[in-house]
Amino acid sequence: MSTEKFNILKFSGKMKILHLSWMAFFISFLVWFNFAPLLQAVKVSLGLTTDQIKTLLILNVALTIPARVIIGMLTDKYGPRLVYSALLAICSIPCFMFAFADSFVQAAIARFLLGFIGAGFVIGIRMVSEWFPHNELGTAEGIYGGWGNFGSAAAAFTLPTIAVLFGGEDGWRWAIGLTGVISLLFAFVYYANVTNTPKGSTYFKPKNLGAMEVTSVADFFLLLIMKLPMYAALALLAWKLAPGGVNILSQGVVNAIYLGLVALYLLELHKVWQVNKDIFTKPVPVLHRYNFKQVAVLDILYFTNFGSELAVVSMLPLFFAETFSLDPVLAGLVAGAYAFMNLMSRPAGGWISDKFGRKSTLMILTAGLAAGYALMGMVDGQWPLWLAVVIAMGCSFFVQSGEGAVFAVVPLIKRRMTGQIAGMTGAYGNVGAVTFLTVLSFVDYSTFFYVIAVTALLGLFTLMFMDEPRGQIAEVAEDGTVHMIDVS
């Protein structure tokens with residue numbers, strides 16, 4: 001763990017790692033969200049229907065659910081340096097596929113595969129936790145998450161202009177292709193300039209790659225329950241693509257997907273049993289236990305805050321365009337104000353959490369999130385546009401500060417499993433996005449915002465069961481020595 005002073009203006013030591021990591025995350029989100037601001041141009045160019053556009057929006061977040069879990073496990077096993085570099089390079093391929101797509105099917109496959117780049121966030125959470133002490137961790141993770149997350153706003157602000165500069169109906173293709181080039185090049189920059197840990201530090205790896213470890217029988221069953229919503233969200237996506245939905249897949253294919261998801265869940269159940277069966281015969285020593293309910297609470301909170309952010313970033317340009325009769329470019333710029341808040345909000349959430357306590361910060365921010373979305377639900381065309389934008393930005397502050405506060409806690413639960421815990425928590429954010437976007441396809445904008453507000457109140461209730469991280473956590477090195485890591 002690096003002991004140098006926290007100075008955001010430096011580009012050496014741990015600060016260099018932080019800056020390069022948020023840049024990698026920024027690029028992953030720039031690529032992931034390169035579609036939303038160019039949505040109208042893609043729709044006209046490919047001759048798509050509104051239902052097909054909505055399907056592409058849902059597909060864009062679908063694969064990120066299992067991807068975040070998988071990438072979290074790979075990060076814990078192989079280290080963030082290799083995994084982040086590989087992800088940025090490999091995901092440039094479906095980005096180029098989308099730029100060259102000339103039919104809905106090609107665009108749909110590319111957007112589905114691009115969901116994988118949304119898992120990049122998880123990798124940096126582990127990297128930053130290796131380089132910063134507990135009293136700076138919330139701030140560092142907040143800067144990583146907030147400045148990286150700004151990639152979605154950068155896409156909204158810049159890509160429509162780049163598309164216009166290239167001109168013609170293929171302008172959007174050049175804009176999207178450019179993001180793929182940036183991703184590919186930065187993969188090599190990241191690999192050449194970072195290390196997984198400071199010199200002399202140990203990189204703790206999980207005992208098993210196949211499934212998450214738990215340390216009590218009750219936690220074993222809670223883990224299995226918490227896995228279900230991830231499969232349910234994927235089933236929901238399949239149902240949305242069925243003949244009764246947007247009619248992209250035949251009922252036979254959808255039924256096969258349902259069966260596949262059941263089989264995958266049973267396989268995961270088997271893996272969880274293989275990794276954790278010993279806890280049924282001999283208790284884990286107190287020193288090495290952790291409480292899985294901490295993970296469960298963070299999952300539910302992230303379902304609401306990041307899930308709503310993903311959904312709202314996807315629909316807000318359309319909301320402002322239809323509610324206030326704005327042209328697409330202006331609507332994109334106005335909606336970008338919501339994502340723009342990431343620059344300060346996530347770091348603020350992490351910093352507040354470092355200074356004033358993890359649990360109390362989460363309670364205040366989640367309550368503010370509920371109030372913010374309740375106000376968003378009241379906005380209509382009679383409101384002044386400036387007031388609607390102010391409310392969207394205020395709501396965004398609580399949403400993104402809450403995300404920063406969630407990931408101020410994630411690395412304090414069990415160091416060697418930080419990637420897996422971040423992966424599962426991050427996946428819940430995507431489950432939330434799929435859920436909220438599906439709700440949006442059935443209801444009006446106002447009801448959509450109210451649904452998120454009610455979900456936030458449920459998250460507030462679960463916070464009663466969370467414990468404030470205190471003391472130290474124990475990790476065992478490969479040579480058998482026990483290391484104690486401060487968490488408060």
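**Pockets and cavities in a predicted model**

The largest pocket has a lining of 29 residues, and those nearest its centre are Leu-63, Pro-66, Leu-234, Leu-261 and Leu-264. Two or more lining residues come from each of α3 (50-62), α4 (64-78), α7 (104-114), α12 (217-240) and α13 (251-276). The model is predicted. Mean pLDDT for the protein chain is 89.

**Confidence and annotation**

- In the protein chain, 99% of residues reach a pLDDT of 70 or more.
- Helix α5 (residues 80-90) has the highest confidence, at a mean of 96.
- Helix α15 (residues 328-340) has the lowest, at a mean of 77.
- An unreviewed UniProt entry annotates residues 17-470 as "domain: Major facilitator superfamily (MFS) profile".
- The span of residues 17-470 is 76% helix and 0% strand.
- The end C-alpha atoms of that span are 27 Å apart.

**Largest pocket**

- The volume of the largest pocket is about 830 Å³.
- Its lining holds 25 nonpolar residues, one polar residue and three charged residues.

**Second largest pocket**

- The second largest pocket has about 560 Å³ of space.
- It is lined by 24 residues.
- Closest to its centre are Lys-207, Asn-208, Glu-213, Val-284 and Arg-416.
- Helix α13 and strand β1 (472-476) are the elements that each give two or more residues to this lining.
- α13 therefore serves both pockets under the DSSP element numbering, as it also contributes two or more residues to the largest pocket.
- By class, the lining has eleven nonpolar, five polar and eight charged residues.

**Largest cavity**

- The model has three cavities of 30 Å³ or more.
- The largest cavity has a volume of about 110 Å³.
- Its lining includes Phe-33, Ala-36, Pro-37, Ser-152, Ala-153 and Ala-156.
- Val-313, Pro-317, Gly-332, Ala-335, Gly-336 and Ala-339 also line the largest cavity.
- Helices α10 (151-166), α14 (292-324) and α15 each supply two or more of the lining residues.
- α15 gives the largest share, with four residues.
- Confidence in the protein chain is lowest in this helix, α15.
- The lining divides into nine nonpolar residues, three polar residues and no charged residues.

**Second largest cavity**

- The second largest cavity has a volume of about 50 Å³.
- Trp-32, Phe-33, Phe-35, Ala-36, Leu-57, Asn-60, Val-61 and Ser-314 line this cavity.
- Phe-33 and Ala-36 of this lining also appear in the lining of the largest cavity.
- α3 gives the most to the second largest cavity, with three residues.
- Six lining residues are nonpolar, two are polar and none is charged.

**Helix α3**

- α3 has 13 residues.
- From first C-alpha to last, α3 reaches 19 Å, close to the 18 Å expected at 1.5 Å a residue.
- Buried residues in α3 include Ile-53, Thr-55, Leu-56, Leu-57 and Ile-58.
- Leu-59, Asn-60, Val-61 and Ala-62 are buried as well.
- Among these, Leu-57, Asn-60 and Val-61 line the second largest cavity.
- α3 also gives two or more residues to the lining of the largest pocket.

Conventions
Residues are numbered from 1 along each chain as its sequence is written. This is a predicted model: local features need pLDDT of at least 70, side-chain atom pairs count only at pLDDT 80 or more; totals for chains, interfaces and linings use all residues. Side-chain values use heavy atoms; hydrogens and water are left out. On a 1 Å grid over the protein atoms alone, a cavity is a set of points where a 1.4 Å probe fits but cannot get out, and a pocket is an open set with protein on both sides within 12 Å along at least five of seven lines; lining residues have an atom within 4 Å of a point. Grid points are joined across faces, edges and corners, and a volume is the space filled by probe spheres set on the points. Ala, Val, Leu, Ile, Met, Phe, Trp, Tyr, Cys and Pro count as nonpolar, Asp, Glu, Lys and Arg as charged, and the others, Gly among them, as polar. pLDDT is the predictor's confidence in each residue, from 0 to 100. UniProt positions are given in the numbering used here, feature names are shortened, and annotations may be inferred rather than shown by experiment. The expected span of a helix is 1.5 Å times one less than its number of residues. Buried means under 20% relative accessible area, exposed over 50%, partly exposed in between (1.4 Å probe, protein chains only).
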